[in-house]
Amino acid sequence: MQKVESFKLDHTKVKAPYVRKCCVLDGLKGDKVSKFDLRFLQPNSETFGTAAMHGLEHLLATYLRDTLDDIIDLSPMGCRTGFYLILWGDVESLIVKKGLEEALKMVLKSTEMPAATAVECGNYKDLSLFGAKEYAREALEKGFALNIYG
């Protein structure tokens, strides 16, 4: 059985918040895909509240597309400490860090939640704009490192 890349990471040694380039995958036709770990909270000691994380997912899924090119997907981590970001190409971590920080500044200015209806979202009642903004503010104040060990 193959071990999942993120399961090989020693979660007891990393220092959040950080941006980590997990891997670059090569497609069969020469395409490249970059996967990033956008870690907001310290593993095994902090977790997002679900409504705040869900809200931040909606906001970042929207605003990251304004600050970064070639986004395939943004997905919440099951452990509720951050998000995975997948982009076309071999993208540098610093570019993602800057794009994330700009998107989080946009989150702080938000007055409404994108895709907050039953038609657009499968759990639209569990979204918190206030909570998303609080986590965005905290992460920006701490600053995202490119070195995952602090």
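Tutor: A polar contact is a pair of N or O atoms within 3.5 Å; within protein, one must be able to donate a hydrogen and the other to accept it, and residues adjacent in sequence count only if both atoms are side-chain atoms. The model here is predicted, with local features needing pLDDT of at least 70 and side-chain atom pairs pLDDT 80 or more, while totals for chains, interfaces and linings use all residues. Residues are numbered from 1 along each chain as its sequence is written, and side-chain values use heavy atoms, without hydrogens and water.

Student: Which backbone nitrogen lies 3.0 Å from a polar atom of the side chain of Ser34?

Tutor: That of Val91.

Student: Is Ser34 buried or exposed?

Tutor: Buried means under 20% relative accessible area, exposed over 50%, and partly exposed in between (1.4 Å probe, protein chains only). Ser34 has 0% relative accessibility, so Ser34 counts as buried.

Student: How many disulfides does the structure hold?

Tutor: A disulfide is a covalent bond between the sulfur atoms of two cysteines. The criterion is a pair of cysteine sulfur atoms within 2.5 Å. The structure holds 0 disulfides.

Student: Why does Cys22 form no bond with Cys23?

Tutor: The sulfur of Cys22 is 6.0 Å from the closest cysteine sulfur, in Cys23, which is too far for a bond. Cys22 is also buried, at a relative accessible area of 12%.

Student: Which residues of Ser34's surroundings, beyond four places in sequence, are in contact with Ser34?

Tutor: Contact means heavy atoms within 4.5 Å. Among the residues in contact with Ser34 are Lys21, Cys23, Leu85 and Val91.
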